[in-house]
Structures are given as C-alpha cells and as structure tokens.
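Open the model in a viewer and keep the sequence panel visible. The stops below are selections to make in turn, each with a note on what is there.

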Amino acid sequence: VETTQWREVGTSGRLETFTILASKFHGLPDPPVVIGYVTLDGASTAILNYVEGVPLDDLDAAGKQLLTQPPVRVRFHERPEGRITDFHFEVMHDQA
C-alpha cells in the first residue's frame, strides 16, 4: 500500500503482543529483553520495538504482567541517530 501522507499519532498506546528473549542473539542486547508490538493512540497498525519497565528477574511473572496488554509510552533517546532504536516503549505502571 502506497502512503502519500504522514499521520500524527500519540506517544502512548497499548502493548498488543510481545516476546521475552531469554537467549542471546547476535546484534541484540544481552537477555532477557522484551520486544513487543504497540499500537499508538491514533494509529491503525502496531510498531515493533523494545519494551522496558517490567522486572525480568522472574520471566513467568513478567509474562503474566505483559499479557494484560498494559498501556505504554514512547521514550525517546537523548541522541537520536535516525534509527528505529532512537526510542523504546515503557510500561506505564501508574495507569495500568
């Protein structure tokens, strides 16, 4: 589908689905790490990126918390490089 317009979306949304990587993969941060699809407010499709803000010392408990599809916010990095890694998602505990 060709896109001819930009559409502004919010900086918060909802975690749709996720995976917890417990094994090391080349080029990714050391495990465990959460990667998830998030639909931002005003968007019609989800975007994939890292999800932070969930304790990962107990992976079963982390999975149970993430299965509730908690609200998340976008956190932008201080020094953007024009890459998808310029931001990540953070679970919003105060509004879950």
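Select R75 and colour by accessibility: R75 is partly exposed, with 35% relative accessible area, where buried means under 20%, exposed over 50% and partly exposed in between (1.4 Å probe, protein chains only). Add E90, which forms a salt bridge with R75, the closest N and O atoms being 3.2 Å apart. A salt bridge here is a side-chain nitrogen of Lys or Arg within 4 Å of a carboxyl oxygen of Asp or Glu. This pair links distant parts of the chain, with E90 in strand β5 and R75 in strand β4, 15 residues apart. Helices (H or I, at least four residues) and strands (E, at least two) are DSSP runs, numbered from the N terminus.

Now add R73. E90 forms a salt bridge with R73 as well, and the closest N and O atoms are 3.3 Å apart. Here too the pair joins distant parts of the chain: R73 lies in strand β4 and E90 in strand β5, 17 residues apart. At 22% relative accessibility, E90 counts as partly exposed. Salt bridges that share partners join R73, R75 and E90 into one network.

A note on the source: this is a predicted model, in which local features need pLDDT of at least 70 and side-chain atom pairs count only at pLDDT 80 or more, whereas totals for chains, interfaces and linings use all residues. Residues are numbered from 1 along each chain as its sequence is written, and side-chain values use heavy atoms, with hydrogens and water left out.

How many salt bridges does the structure hold? There are three. For the one outside the network, select K24 and D30, whose closest N and O atoms are 3.2 Å apart. D30 counts as exposed, at 56% relative accessibility.

**The barrel**

Switch to a cartoon view. The chain has one helix and five strands, and read along the sequence it follows the pattern β-β-β-α-β-β. The five strands make a closed barrel that runs β1-β2-β3-β5-β4, with mixed pairing; two strands pair if DSSP finds at least two bridges between them. Neighbouring strands of this sheet are turned by 50 degrees against each other on average, direction ignored. Axes are lines fitted to C-alpha atoms, for helices over the stretch in contact, and angles run from 0 to 180 degrees between N-to-C directions.

Select β1 (residues 12-21) together with β4 (residues 71-76): the two run antiparallel and are joined by three bridges. Within this pairing, G13 stands opposite V72 and R14 stands opposite P71. Next, replace β4 with β2 (residues 33-40), which pairs with β1 in the antiparallel sense over eight bridges. T17 stands opposite Y37 of β2.

**The core and the helix**

Which residues have the most contacts inside the largest nonpolar core? Select L15, V38, V51, L66, V72, F89 and V91; the core has 14 residues. Such a core is a set of buried Ala, Val, Leu, Ile, Met, Phe, Trp, Tyr and Cys residues joined through side-chain atoms within 4.5 Å. β1, β2, α1 (59-66), β4 and β5 (87-91) each supply at least two of its residues.

Centre on V51. Leaving aside neighbours within four places in sequence, V51 is in contact (heavy atoms within 4.5 Å) with L15, V34, I35, G36, F89 and V91. Then show α1, which lies across β1, β2 and β5 and runs at about 150 degrees to β1.

**Two backbone details**

Go to the loop between β1 and β2, where P32 is found. The peptide bond from P31 to P32 is cis, with omega near -5 degrees. Then move to Q69, in the loop between α1 and β4. Q69 is not a glycine, yet has a positive phi of about 55 degrees. At 32% relative accessibility, Q69 counts as partly exposed. Most residues other than glycine have a negative phi, and most peptide bonds are trans.

**The whole chain**

Finally, select everything. The C-alpha trace spans about 45 × 30 × 30 Å along its principal axes. Buried residues make up 29% of the 96 residues. Among contacts between residues at least 6 apart in sequence, 48% join residues at least 24 apart.
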